[in-house]
Every structure is written in structure tokens, then in C-alpha cells.
Amino acid sequence: MKEIVVNLGGIVPLSTVDWPGHAAIVLFLRGCPLRCPHCHNFALQSGDSSVNFHSVASKIVSLVKGETIVARASSQNSWQIDLGEAAERASSKPFVDALVLSGGEPLMQSEPAERLFRLAGSLQLCTGLETSGCYPERLRRPLERDLVDKVFLDIKAALQDPSYERATGFVGVAARVKESLMICMERGVALEVRTTVFPEMPASSELEEIACMLSELKSMYPGSCLERLVLQQGLPREGEERFEPVSRARLKEIARSIGGGILVGIKAKPDNFCKT
Ligand code: SF4
């Protein structure tokens, strides 16, 4: 049996901010094909810190149950964890109720990602995927198999070049993200769209364009489950030249002005914390 490895960037054992309303374990999968200029997880764009899948699985089970389940060597000399045993042990899970895969771009490792979602399902955890949407063909499969309960999709700019090229460093990504968006709308998976707002991009007109497009799609797909668009405050990443982030008050103002057919929320620090 082929040994599955996970190029793991890190684990947050408990987060209540990645998926509001849930207490989630967040797994950061290393590697991303994009090069967004303000990348919030710059250190995870590349590199190799691969670990055996079953040691990650053991860690997740121990976080859910509060004890360790040990992976065993199978007859094929690969490490196995019994999902039935994991589920049994997790039946009295104390607090955690969700697993979120983040990155990097989690779908760059689609096979481990799918396995992790299956493990989460066997532990009765809700499953969330934070994605840039650059791999529509890899998104379709876990959605068709009902492995993902909620998608958090980044839409970084108006969905055409040159805006999207500026936001991601590559030409042609916009069409792929749009395809991912359509897949989510067609499948009716719970969906939150996130746009990070920096002082120089995206422009207010692009935010309006994104909101309009989402509103139109919502009408076109009545079975879709688009919950909201969230405008996130873009902050300087570590090592980047400091800049003054767009204030919370301004984000609120933008959210009010572009809202219409969809709910628009904001995620920002209080203005007095925004000074650089
Ligand atoms: S998609 Fe996310 S992880 Fe990839 S470069 Fe952009 S901000 Fe960084």
C-alpha cells in the first residue's frame, strides 16, 4: 500500500475564529502555486516538512479525544490507523467539533486532504476547507463525495486579468477561481467568500463587482448556500514593509455600500489596534 504523507505546515489545536460557531482543529498544509504579494502565510508557500499521514491522524484523534491513538505497522509495512477505533474513541469528544484544512493551498495535496476529511467524518467532526479556488478539478471530487461541509473561498480581486494577476502573481487564475465558485454554487455546499482588502487593492469598484457577481449567482442558483461575503482587513505580513491597513470603519462603510442581494460582513481589528 502506498504510504501517504502530508506536507504539514502546522496545527492549531483549537480555533474559534476560522469557522465562527465551531471549535475547530486547523491543519495548515504546506505549498501553494500562487504568489500573492501580501501572502498571509508566506512561510507556507513552499518547502517540505512531510510527515506520515497516520501520525497526523493520531494527533487529530488525540486532540478530539484528549488521548493518543497509536498508528500500527500493517502487513504492507505502512502505518495504519483504524477509523472504527478512532470513531469509537472519539464518541465522547469533549469540545472540538470541526476540522478545517487551510494552507498554503490545501488542494495542492488533494489525496491527503481527502483522507483527512474522511478521518474527520469518522470522528463526527464538521469539515471545512479554506481554499484559493485555483484547483477546481480537485475541489469537485470531495464535494461530490460530500466530504466537505463548508468551503471558505478566497476571491482576491475582480475575477478577470489583469486584476487577478496583480493579486496572485499569475495570469489565468481568475477563470479557475470562477470555476471553483460555480462548482460550490451548483453543489449547494455551505459557502463563505472572503476578500482581503489592502490599501492598494482590490479597488472599491472591484469589491462592488464581486458583490454584484455573487448576488447574481445567488439568484441563478436558488439551491446554492452562499452564506456571506466577508471583507477581511489585510495586514502587513512578517518581514514586509509596514503600511497602514484599511480601517475597520472604512471596511464597514464599504460593506454597507456594496451589500444588496447578499450579506456582507467584515473581519478587522479595532481601529486603535491597526496602527503600524
Ligand atoms: S493563495 Fe494564500 S497561501 Fe497562496 S500565496 Fe496567496 S495568500 Fe499565500
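**Group meeting: strand β9, its neighbours and the ligand site**

Let's start with strand β9, residues 190-197. This strand is mostly covered, with 7 of its 8 residues buried. Keep in mind that we are looking at a predicted model.

What does β9 pair with? On one side of the list, take strand β8, residues 150-154. β8 and β9 run parallel, joined by 5 bridges. For a handle on the register, pick L153: its bridge partner in β9 is V193.

Next, strand β10, residues 225-233. β9 pairs with β10 too, again in the parallel sense, and here there are 8 bridges. The register handle this time is V197, whose bridge partner in β10 is Q233.

How does the chain get from β9 to β10? Through helix α7, residues 204-220. Together, β9, α7 and β10 make a β-α-β unit, and that unit is right-handed.

Now the backbone details. Two cis peptide bonds to check in your viewer. The bond from M201 to P202 is cis, with omega near -5°. P202 sits in the loop between β9 and α7. The other bond runs from D161 to P162. That one is cis as well, with omega near 10°. P162 belongs to the loop between β8 and α5, the helix at 163-168.

Then phi. Q124 is not a glycine, yet its phi is positive, at about 60°. Look for Q124 in the loop between α3 (110-122) and β7 (126-131). Is Q124 buried, partly exposed or exposed? Its relative accessibility is 46%, so Q124 counts as partly exposed.

D146 is another non-glycine with a positive phi, about 55°. This residue lies in the loop between α4 (136-144) and β8. Why does D146 count as exposed? Because its relative accessible area is 60%, and the cut-off for exposed is over 50%.

Last stop, the ligand. Where does the ligand sit? The space it takes is the largest pocket. Which residues surround the ligand? Going along the chain: C32, L34, C36, C39, H40, Q45, G104, S132 and K156.

And the chemistry of that shell? By class, 4 residues are nonpolar, 4 are polar and 1 is charged. The nonpolar ones are C32, L34, C36 and C39. The charged one is K156. If you want to set up the site, those are the names to select.

That's the tour: a mostly covered strand β9, parallel pairing with β8 and with β10, and a ligand in the largest pocket.

Terms used. Residues numbered from 1 in each chain as written. Predicted model: local features only at pLDDT ≥ 70, side-chain atom pairs only at ≥ 80, totals over all residues. Heavy atoms only, no water. Near = heavy atom within 4 Å. 1 Å grid on protein atoms, 1.4 Å probe; cavity = no way out; pocket = protein on both sides within 12 Å on 5 of 7 lines; lining within 4 Å. Sits in = over half its atoms within 2 Å of the grid points. Buried < 20%, exposed > 50% of the residue type's maximum accessible area, 1.4 Å probe, protein only. Helix = DSSP H or I, 4+ residues; strand = E, 2+ residues; numbered from the N terminus. Pairing = 2+ DSSP bridges. Right-handed = clockwise from strand over helix to strand, strands pointing away.
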